[in-house]
Amino acid sequence: MSANAASSRGALLALYGGSPVRTSLLPYGRHCIREEDLEAVSRVLRSGWLTQGPALEEFEEAFAEAVGARFAIGFSSGTAALHGAVVAAEIEDGDEAITTPLTFCASANCILYARGNPLFADIREDTLTIDPDRIAEKIGPRTRAIIPVDYAGLPADLDRIRAIAERHALVVIEDASHALGARFDGKRVGSLSTLTTFSLHPVKHVAAGEGGVVTTEDPLLAARLRRFRSHGVDRDLRARSAEGRWSYDMVELGYNYRLSDIAAALAHSQLGRLQEGLERRAEIADRYDRELAELPGLRVPPRREGSASAWHLYPLRVDEAVLGAPRDRVIAALRAEGIGASLHYRPVHLHRFYRQRFGYRPGSFPISERESDKLVTIPLYPAMSDGDVDDVVDAVSKVVRFFGLERSRAGPARPRSRRGRGSSSEDVRRRSSP
Ligand SMILES: *Cc1c(COP(=O)(O)O)cnc(C)c1O
């Protein structure tokens, strides 16, 4: 396929029957497995410990060191890690924690697991992270914690959030699922909040299959997290067997949220390539910025002076008024071109569960809703080849030019409702919903 042909002005979109930029779908994110990962996992499989063995502790030590934290505690998923952090922060029946609507639902669900009440504070339009001014407005006598999310890999306003938390004696649980390797004011994410959580899901920076981590500086919180992930039992199996003891005491209600040694070995091996992966992500993000920032109707993701994003996602914002096409049609057009564009995220409060349970509706958090309606995530992960990156740039340019030309032909009216192959059900859903 010829990149030049694809990017020529006004080339017919694959969505409407033209030839696609690429024939295989490039996902928006993907893990990378190398020979050394296979060897690390094989070693564990031969070692005699599939779970509760030494590989977990080795991984935890390496992870703590990588983010500059005193303790790292492995969990069976990023969601379990959030649950652990919420319980460690002593959020109980009716307590409140404040998070952002523009996140994966787990950032809010974890509060409900502890029978707390999730409150939302709207985002800043520029950084897409929770707005500290709006956090302050939400704090009441039952508020216990703030759960900022480092959206797309860019740290939230951690200094201001910490100041608010200190003033009101709140705990900061930073959901850094997107931000392993990010920096704020030059300091590493994972060492900045009372509790910081990470995900080891394959689209994130380090893959374990499923897995998560909580980091903290506080030995009491670390002990509580370890107990919570293993049934609330006072000593773990390995400590007991090392001491030759067979009895144990369950001292509080816990879960089985352990990270297996198999998963820990995979994650540990991947962690060794974290820097390399971060550099490649930043390189691709820089290239996208250079190629896409000037296209009409597109806005590239935020950056912040003094912060380094971990570039989990590259969320473009499309301006429907300039582009002449709604966001869902842009995503459908990119997917027809072979580019696995996606949306991160539909605001949490607009999911059916949250609407029904808490009475949220469109308009509840207007900035999150307005910005979410513009978002298009394009592929970004270290294993992308330069040719893959070219394909993304070509496809985005092609789609923007096509809709732009169509719009200038049609005048400022609504885009033609020509629908060809690949027309998306999202498009339909969006039109029929309020
Ligand atoms: C991925 C993610 C999680 C959950 O992680 P899992 O490992 O999939 O459970 C939580 N919060 C955010 C913001 C995420 O992106």
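The following exercises, with worked solutions, concern a predicted model.

**Exercise 1. The largest pocket**

Determine which elements line the largest pocket and which residue classes make up its lining.

*Solution.*
1. The largest pocket holds about 520 Å³ of space.
2. Its lining consists of 23 residues, and E57, E60, R226, R229 and D236 are the closest to the centre.
3. Two or more lining residues are given by each of α3 (54-67), β1 (71-75), α8 (219-228) and α9 (237-243).
4. The largest share, five residues, belongs to α3.
5. Sorted by class, the lining has twelve charged, eight nonpolar and three polar residues.

**Exercise 2. A three-stranded sheet and its helices**

Establish which strands stand at the edges of the sheet β10-β11-β12, and describe how helix α11 packs on this sheet.

*Solution.*
1. The sheet is open, and its three strands follow the order β10-β11-β12 with antiparallel pairing.
2. The edges are occupied by β10 (298-299) and β12 (375-378); each has a single partner strand, so one side of each lacks a neighbour in the sheet.
3. Between β10 and β11 (residues 314-318), the antiparallel pairing runs over two bridges, and R299 stands opposite R317 in β11.
4. Helix α11 (residues 274-292) packs on the sheet through contacts with β10, β11 and β12, and its direction makes about 15 degrees with that of β11.
5. Helix α13 (residues 327-336) also packs on the sheet, touching β11 and β12; its direction makes about 20 degrees with that of β12.

**Exercise 3. Strand β5**

Decide whether the residues of β5 are buried or exposed, and state which way they point.

*Solution.*
1. In a regular strand, side chains alternate between the two faces of the sheet.
2. In β5, V171, I173 and D175 point one way, whereas V172 and E174 point the other way.
3. All of these residues are buried, and strand β5 (residues 171-175) is accordingly described as mostly covered, with five of its five residues buried.
4. Strand β4 (residues 143-147) pairs with β5 in the parallel sense over two bridges; V172 is the bridge partner of I146.

**Exercise 4. The setting of L380**

Locate L380, classify its exposure and identify the residues that it touches.

*Solution.*
1. L380 lies in the loop between β12 and α16 (386-410).
2. The relative accessible area of L380 is 1%; buried means under 20%, so L380 is buried.
3. Leaving aside residues up to four places away in sequence, L380 touches Y28, G29, R281, I284, A285, W311, H312, L313 and Y314.
4. For A285, the separation from L380 is 95 residues in sequence, while the C-alpha to C-alpha distance is 7.7 Å.

Technical notes. Residues numbered from 1 in each chain as written. Predicted model: local features only at pLDDT ≥ 70, side-chain atom pairs only at ≥ 80, totals over all residues. Heavy atoms only, no water. 1 Å grid on protein atoms, 1.4 Å probe; cavity = no way out; pocket = protein on both sides within 12 Å on 5 of 7 lines; lining within 4 Å. Points joined across faces, edges and corners; volume = space filled by probe spheres on them. Helix = DSSP H or I, 4+ residues; strand = E, 2+ residues; numbered from the N terminus. Nonpolar A, V, L, I, M, F, W, Y, C, P; charged D, E, K, R; others polar. Pairing = 2+ DSSP bridges. Contact = heavy atoms within 4.5 Å. Axes fitted to C-alpha atoms, helices over the stretch in contact; angles between N-to-C directions. Buried < 20%, exposed > 50% of the residue type's maximum accessible area, 1.4 Å probe, protein only.
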